[in-house]
Amino acid sequence: MQSLVRLFSQAFHTEPLLVRSPGRINLLGEHTDYNEGFVLPAAIDKFAYVAVQKRADNRVVLLAADLNEQVETTLDAVKPVKQSWCNYILGVTQQFLLNKYPLGGYNLAVSSNIPVGAGLSSSAALACATAYALNELFECGVDKLTLAKFAQAAEHTFAGVQCGIMDQFASLFGRKNHVILLDCRSMEYEYVPLHLKAHELVLVDSGVKHALASSAYNQRRKECEEGVRIISRHYASVKSLRDVAPEQVDECLSGHSLLHKRCKYVVEENQRVTGACHDLVHDHIDAFGKKMVQTHRGLQVLYEVSCSELDFLVDKAISLPGVSGARMMGGGFGGCTLNLLFSEYVDQVIGMVASAYSEKYGRVPAVYRVKTADGTTIVPLPA
């Protein structure tokens, strides 16, 4: 943060407005978002920082402190560029312009300590930090949900990623020591307390991302839609898997083995999310951890989006003392596992899991110990 402000001041000879936006984890509710279900994300204590200040002209000058790169354009020539990090900033800028907000030229420098490619939404954090900063700088008066939609649209149009809104929502709305129960149909949400006390959350990065991920994601969406189409022939009120009960899956899809598995997972996962909130409210952390393992088994066996590396990391973790829960996190076929560990066992578990993984796959996995954090906010300049 201090080096970013120093870089900005040296480059542009003025003090910036400084904004930080967190990455996120999703504790439960995987592949439920596009089925109008429930998710349970939390902002974490790793951040994208944006330093920004107005210019006297219509130029946009962008600096990436971590990459030592600079890109320049003008407000009337905003379009995607080859430097991928810029597109989250420029895509957000375009959303303000398309919606007729009075932007002027600006200088912006960015730095981040969110690991890239680990499934912690580093791109959403950058887009949300930019949206929040431009909204403050130019006094646009845009509410946070609309800022989340601007950041999501930037991913769609400039980065070419058809993501849901969970990542951006968690980054902007996060609250320390809480998770967010988000209804992906209505966008209603509530904060659920997360009192870990004797536990910690630890991410273990498999270091792989199999090529199946994007094609399988699209295929799963189609399979869920086909399941809904069949069930709705029998139950006209069913518009998405959000409306489906487990017995309806069994009744209507018994002759469709693949669709039955897919829809069974999503319907059960929605129930797990709501049940998990009850666990957290009553500080039943071990019960919550068991639901994490159930989610992984559902993703592994029913939804079939896990992979051997993720299964190995989860199986190894839950075989060890001090582990209350573990599961793959994210779209699948690689990325991180999320582990719920007793604090006194963290070092021991990390060492044993990393050693076993290295022995089997020939690489030591990156490990991230994370805590929940507040959402996007202005940061006072360091003294």
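## Briefing: cores, a cavity and four residues to look at

At 56% relative accessibility, lysine 209 counts as exposed, because the cut-off for that label is over 50%. This is a predicted model, and lysine 209 is a friendly place to start looking around it, as the residue sits in strand β8. From there, the tour moves on to the nonpolar cores, the cavity, a buried asparagine and two residues with positive phi.

**Lysine 209 and its surroundings**

- Leaving aside neighbours within four places in sequence, lysine 209 is in contact with Gly332, Phe333 and Gly334.
- One of these partners also takes part in a polar contact: the lysine 209 side chain reaches the backbone oxygen of glycine 332 at 3.3 Å.
- If you would like a distance to check on screen, try the C-alpha atoms of lysine 209 and cysteine 336, which are separated by 9.9 Å. Along the chain, these two residues are 127 residues apart.

**Nonpolar cores**

- The largest nonpolar core has 49 residues. Within this core, the residues with the most contacts are Val52, Leu62, Phe96 and Tyr106.
- Helix α3, spanning residues 122-137, gives the most to this core, with nine residues.
- Another core lies apart from the largest one and has 32 residues. Leu280, Ile285, Met292 and Leu340 are among them.
- As general background, nonpolar side chains in soluble globular proteins tend to be buried together.

**The cavity**

- The structure holds one cavity of 30 Å³ or more, and the largest cavity has a volume of about 30 Å³.
- To find the largest cavity, look for the residues that line it: Val202, Val204, Asn339, Leu341, Val349, Ile350 and Val353.
- Three elements each supply at least two residues of this lining, namely β8 (199-209), β10 (334-342) and α11 (346-361). The largest share, three residues, comes from α11.
- By character, the lining residues divide into six nonpolar, one polar and no charged.

**A buried asparagine**

- Asparagine 270 is found in helix α8, which covers residues 257-281.
- With a relative accessible area of 8%, asparagine 270 is buried, because the cut-off is under 20%.
- The asparagine 270 side chain reaches the backbone nitrogen of phenylalanine 38 at 2.9 Å.
- Not counting residues up to four places away in sequence, asparagine 270 touches Thr32, Gly37, Phe38 and Arg242. Phe38 therefore appears both in this list of contacts and as the partner whose backbone nitrogen the asparagine 270 side chain reaches, while the residue itself is buried at 8%.

**Two residues with positive phi**

- Most residues other than glycine have a negative phi, and the two residues below are worth a look on that account.
- Glutamate 139 has a phi near 50°, a positive value in a residue other than glycine. The residue is placed in the loop between α3 and α4 (144-159).
- Glutamate 139 has a relative accessible area of 72% and is exposed.
- Lysine 197 is not a glycine either, yet its phi is positive, at about 50°. This lysine lies in the loop between β7 (189-193) and β8.
- Lysine 197 counts as exposed too, at 68% relative accessibility.

How values were computed:
Residues numbered from 1 in each chain as written. Predicted model: local features only at pLDDT ≥ 70, side-chain atom pairs only at ≥ 80, totals over all residues. Heavy atoms only, no water. Core = buried A, V, L, I, M, F, W, Y, C linked by side-chain atoms within 4.5 Å. Buried < 20%, exposed > 50% of the residue type's maximum accessible area, 1.4 Å probe, protein only. Helix = DSSP H or I, 4+ residues; strand = E, 2+ residues; numbered from the N terminus. 1 Å grid on protein atoms, 1.4 Å probe; cavity = no way out; pocket = protein on both sides within 12 Å on 5 of 7 lines; lining within 4 Å. Points joined across faces, edges and corners; volume = space filled by probe spheres on them. Nonpolar A, V, L, I, M, F, W, Y, C, P; charged D, E, K, R; others polar. Polar contact = N/O pair within 3.5 Å; in protein donor to acceptor, adjacent residues only side chain to side chain. Contact = heavy atoms within 4.5 Å.
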